Amino acid sequence: MTTVNASIGYMSPDGVAVDTLRPGGLLRAPTRTVAEDIYQALSIHECAVHDLAASDVPAPSLDIMGFDTVDLSGLTVLQTLLQEIRTANFMTDEQIRQIRRLLLGKVFRLSNGKTLRILFIAGEGTILRRAGPNGLKINPDEPPTESNGHDGAQAVHGDQDVHGTPVRQMLFGAAPFLFNHDSPEGKNRRSPLHLLNLWIPLQQITRPLVLMDGCTLNRKQHQLRYALPTDSFLDRKEDRRLNDIWTYLHDPGQQWYFTPELDSRKAYVFNTLGCPHGACILPGEAVVEQLYIALQTACSAIRQGNNSALQSIAVPDLDTLPADCTVPMRKAIEEMAALLTEVKQHVAGDWQLRATVAMDRVVRKSIEMRLVAWVM
């Protein structure tokens, strides 16, 4: 399977207007009061998403498409640390410092033969995300902190405006001259200095990261300025409280890419200054969500000794799975359904442990961080 039809959340065109706050005649989406409110203004579109692991799909390119992959498999100490975070579902300040120390100065080869050297990793912006299947909130009562408790990003966005807050204040307006970028206001393709996101998947079967090929984006028509409130998860000065990012309008010509299953041995790098990205919902995730909730209910019924509640749990009909359901997701669905069938017949001693492992496996977990890199 090289292409699937996935659900991707774009900014709704409602309220979009010519920007009156800054010159240039670009478009702006209306600011919401808190960061989460952006998700109430989404327009969901079914988009063809191409599998980067397929042999007939061209390799990504940071220079051209705006994103690429790097191999982390040889960093054994880092891999051990990442697996500890994956198991704990939490990232401590000390672990963040260790990750930064292990990556700083490292050199990676990109798909086009160029090398990427990490020069700096920002102290702010290292985030652990946990996203449940089909938009399910894993811990709905857990408030996000600077580094933990974040869901998958439902809205297509670009993380930073090269002309906006806080990059403008931090670099005294010099960012467009320093960093390689492509924005509606202009380009800088000559600089070898890049402001990048490093996105490390700890596990990914559902809610994968999707990245848009920047060559297929009409930036002046479909790229929107947006002021993102950061009060709920970042401690910033008043003049930096609203983070200038990008959101996007849908167009059928836009091309999207993903990888069906990833772990921490390979990571994405993409341009912070405008590469559109987000978390999509793949075909079959509604069934995964149903199975997740059913296994959760079964575990609760076993703990309470409620056999009637256990027997009343329905096992979904797997014959209705979409034809373009990815292979890793289909395997996870079959395993979860088998566990439900098994528990209705007999509760084995280790069943709850196996059910917990199966449920955890379909939660997307990832770490992202902001870095400055030299690409030559």
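**Exercise 1. Find which helices cover the buried residues of α9.**

Step 1. Begin with the helix itself: α9 spans 351–361, where helices (H or I, at least four residues) and strands (E, at least two) are DSSP runs, numbered from the N terminus.

Step 2. List its buried residues (buried means under 20% relative accessible area, exposed over 50%, partly exposed in between, with a 1.4 Å probe and protein chains only). In α9 these are W351, A355, A358 and M359. They sit on the same side of α9 because they cover an arc of only 100 degrees around the axis, the arc being that of the directions from the helix axis to the C-beta atoms.

Step 3. Look at what lies over them: the cover includes α6 and α8.

Before going on, note that this is a predicted model, in which local features need pLDDT of at least 70, side-chain atom pairs count only at pLDDT 80 or more, and totals for chains, interfaces and linings use all residues. Residues are numbered from 1 along each chain as its sequence is written, and side-chain values use heavy atoms, with hydrogens and water left out.

**Exercise 2. Place W351 in the largest nonpolar core.**

Step 1. Know the term: a nonpolar core is a set of buried Ala, Val, Leu, Ile, Met, Phe, Trp, Tyr and Cys residues joined through side-chain atoms within 4.5 Å.

Step 2. This core has 48 residues, and I8, W256 and W351 touch the most other members. Its largest share, ten residues, comes from α6.

Step 3. Trace the contacts (heavy atoms within 4.5 Å). Leaving aside residues up to four places away in sequence, W351 touches L295, A298, C299, I302, L339, E342 and V343.

**Exercise 3. Sort the two sides of α2.**

Step 1. Helix α2 (residues 93–103) buries Q95, I96, I99 and L103. Their arc of only 105 degrees around the axis puts them on the same side of α2.

Step 2. Turn to the face away from the buried side, and you will meet the exposed residues D93 and R101.

Step 3. Finish with the neighbours: the buried residues of α2 pack against α1, β6, β7, β12 and β19.

**Exercise 4. Name two salt-bridge partners of D182.**

Step 1. Use the cut-off: a salt bridge is a side-chain nitrogen of Lys or Arg within 4 Å of a carboxyl oxygen of Asp or Glu.

Step 2. One partner is R189, with the closest N and O atoms 3.0 Å apart. D182 counts as buried at 15% relative accessibility, while R189 is partly exposed at 44%.

Step 3. Another is R219, at 3.5 Å. This pair links distant parts of the chain, helix α5 and strand β10, 37 residues apart.
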